[in-house]
Amino acid sequence: MEIDVKNLHPLEVRLLRHVALGEPITAGRIVDELGYKVGQCNQAFSWLSAKGYLVEKSRESRVLYELTEFGREQAEKGTPTQRIFAFIKAEGPHALPEIASALSLDKSEVGSAFGQLSKAHCVRMNDENKAQSIADELSGEFLLTANLLQKGLKGDLDESALDADEKKAMGRIAKKRGAASSPFKVIEREEIVYELTEEGAQAKEAVLKANITGEELGSLTPEMLASGSWKEGTFRPYGLNAPTSRLIPGRHNPYGNYLQWVKDKLCSLGFEEFDGSLVENEFWNGDALFMPQFHSARDIHDVYYIKDPVHCKEIEEPWLSQVAKTHEDGWKTGSRGWRYKFDHEFTRRQVLRSQGTVLSARQLPKAKIPGKYFGVARCFRYDQVDATHGADFYQTEGIVLGNDVNLKTLLGLLKMFAEEIAGAEEVKYVPGYFPFTEPSIEVHIKHPVLGWFELGGSGIFRPEVTKALGIDVPVLAWGLGIDRMALMHLGLNDLRELFTPNIESVRTRRGN
């Protein structure tokens with residue numbers, strides 16, 4: 001067999017020279033012995049396997065838990081539940097905002113931790129609406145979490161080494177994505193063992209015979225010319241038979257075309273388009289949607305805060321007063337509200353819009369009845385970027401108002417989005433939870449490669465939302481990930497391909 005060793009990449013050459021027949025070859029070994037990065041190992045393995053020089057001998061999947069910076073801080077200072085319980089035991093009953101200030105914790109963190117402690121019968125609210133302890137010490141899952149954090153300081157935790165209770169606890173505090181706000185990050189690894197084939201051994205002999213080391217120079221730089229170091233080096237040969245570059249005319253971005261197509265389709269169905277500012281205040285981003293200010297439900301949206309100015313000047317009336325009263329005691333909505341003192345300072349804090357539903361809330365006070373509205377909104381949340389998630393993303397958001405609209409109407413709209421706009425062939429609807437809708441529905445679609453994933457949420461706005469903003473008829477609402485719809489429509493497998501700076505993907509992507 002004739003082997004063209006000159007076409008081997010330096011990464012392949014160095015690896016072939018280093019290994020022998022019968023030896024196990026792993027990424028860990030090559031990283032340690034040749035100084036490769038993991039990505040370089042994977043490239044070399046892929047290229048050599050495609051040529052038939054390496055063969056996979058075994059593959060083992062492992063799940064590891066890595067302590068995040070957030071988890072390391074909790075391991076050193078204590079978890080919010082530990083700190084809050086210790087504070088109450090030492091200082092006596094305190095209101096939740098006082099505890100948040102004393103411990104330098106976010107108010108939503110305190111609310112969430114207090115809820116966990118209350119559920120475990122460790123604390124309760126007294127008659128003065130202050131948190132007080134009712135247990136002598138913490139136990140159960142709180143101690144288990146603390147022990148896992150201490151173990152995590154010593155290194156990654158292997159799932160196979162955890163007992164049943166530890167695995168259950170780890171399931172609550174570890175995340176695959178958005179792990180920066182969780183104590184542990186889930187890492188899934190596959191350890192693959194390769195071996196050199198007979199053809200690989202022949203390739204190695206050919207490389208040694210040709211005296212190719214993998215250290216040959218690939219380009220001539222100004223620095224080499226200035227110093228004269230090029231005289232002492234050996235250069236890789238040029239590929240004179242390489243194909244010439246293509247001449248391709250300019251094209252529109254396919255995702256931009258898709259967004260415009262969606263807008264045209266909705267307008268043709270009688271919807272009116274709305275839009276709004278990327279910077280919002282907490283009032284419209286959450287309070288107007290009946291999301292409590294100091295409750296764990298607020299954690300649904302991890303927002304980016306604006307540094308300057310931190311607060312907006314004012315909130316529109318009478319909506320501020322009516323929404324505040326709805327939170328406190330239900331106002332005239334027939335609800336009891338959330339039963340807490342509405343924070344008028346917090347509600348003015350400015351954030352980057354975390355959900356498209358903000359646009360629907362702003363539209364309600366000026367909406368026509370009956371009416372149909374939609375928007376394509378860019379949103380921002382602190383999230384781990386992967387194939388189906390981004391830290392900034394687009395949602396198509398909309399509302400339908402009228403005396404005759406109902407759940408059946410909403411399901412028809414969701415079906416249109418999933419099948420006609422996304423192009424999904426398999427769709428399912430599952431119950432969901434959102435503080436501002438009841439009932440709430442999530443729509444899921446099946447991608448041919450990524451499998452099932454959530455397209456978005458929807459529901460019928462609660463009276464606490466609509467009546468406080470001047471609407472007294474049923475309002476259907478949805479907020480769907482239009483980026484994910486584009487995955488199906490454009491035949492892609494990764495959201496990041498929609499925003500890639502790689503111009504080649506724009507030239508060749510379907511939908512141009």
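A residue counts as buried under 20% relative accessible area, as exposed over 50%, and as partly exposed in between. Tyrosine 394, with a relative accessible area of 23%, is therefore partly exposed. The model described here is predicted.

**Aromatic pairs**

Tyrosine 394 takes part in an aromatic pair with tyrosine 255: the ring centres are 6.2 Å apart and the planes stand at 75°, so the pair is edge-to-face. This pair links distant parts of the chain, since tyrosine 255 belongs to helix 12 (residues 254-268) and tyrosine 394 to strand 11 (residues 392-401), 139 residues apart. Tyrosine 255 has a relative accessibility of 3% and so counts as buried. Both tyrosines belong to one aromatic cluster, formed by Tyr255, Tyr258, Trp261, Tyr394 and Phe499.

The count of aromatic pairs in the model comes to 14. Another of these joins phenylalanine 45 and tyrosine 194; it is tilted, with 4.7 Å from centre to centre and 35° between the planes. Phenylalanine 45 is in helix 3 (residues 38-50) and tyrosine 194 is in strand 6, so this pair ties together parts that lie 149 residues apart in sequence. Phenylalanine 45 is buried, at 3% relative accessibility, and tyrosine 194 is buried as well, at 11%.

**The sheet around strand 6**

Strand 6 is part of an open sheet of 4 strands, with the order 4-1-6-5 and mixed pairing. Strand 4 (157-158) and strand 5 (174-175) are the edge strands, each pairing on one side only. Strand 5 and strand 6 (residues 184-196) run parallel and are joined by 2 bridges. Across from alanine 174 stands phenylalanine 184 of strand 6.

**Charges over rings**

Two lysines are placed over aromatic rings, as the table shows.

| Lysine | Ring | Distance from ring centre |
|---|---|---|
| Lysine 372 | Phenylalanine 271 | 5.0 Å |
| Lysine 428 | Tryptophan 452 | 4.5 Å |

In the pair with tryptophan 452, it is the charged end of lysine 428 that sits over the ring.

**Backbone features**

One cis peptide bond joins glutamate 317 and proline 318, with omega about 5°. Proline 318 lies in the loop between helix 13 (282-285) and helix 14 (319-329). A cis peptide bond also joins glutamate 438 and proline 439, where omega is about 0°. Proline 439 is located in strand 13 (residues 437-447).

Positive phi values appear in tryptophan 331 and arginine 339, neither of which is glycine. For tryptophan 331, phi is near 55°; for arginine 339, phi is near 65°. Tryptophan 331 is in the loop between helix 14 and strand 9 (350-352), and arginine 339 is likewise found in the loop between helix 14 and strand 9. Tryptophan 331 has 30% relative accessibility and so counts as partly exposed.

**A nonpolar surface patch**

Leu220, Leu225, Trp230 and Phe235 make a nonpolar patch of about 370 Å² on the surface. Leucine 220, one of its members, is in the loop between helix 10 (198-209) and helix 11 (222-227). The relative accessible area of leucine 220 is 44%, so this residue is partly exposed. A residue needs over 30% relative accessible area to join such a patch, and leucine 220, at 44%, meets that cut-off.

How values were computed. Residues are numbered from 1 along each chain as its sequence is written. This is a predicted model: local features need pLDDT of at least 70, side-chain atom pairs count only at pLDDT 80 or more; totals for chains, interfaces and linings use all residues. Side-chain values use heavy atoms; hydrogens and water are left out. Patches are made of residues with over 30% relative accessible area and no salt bridge: like charges are joined within 9 Å, nonpolar side chains (Val, Leu, Ile, Met, Phe, Trp, Tyr) within 5 Å. Accessible areas come from the Shrake-Rupley method with a 1.4 Å probe; for residues, only the protein chains shown count as cover. A salt bridge is a side-chain nitrogen of Lys or Arg within 4 Å of a carboxyl oxygen of Asp or Glu. Buried means under 20% relative accessible area, exposed over 50%, partly exposed in between (1.4 Å probe, protein chains only). Two strands pair if DSSP finds at least two bridges between them. Rings of Phe, Tyr and Trp (its six-membered ring) pair if their centres lie within 6.5 Å; planes under 30 degrees apart count as stacked, over 60 as edge-to-face and the rest as tilted. A charge sits over a ring if NZ of Lys or CZ of Arg is within 6 Å of the ring centre and within 35 degrees of the ring normal.
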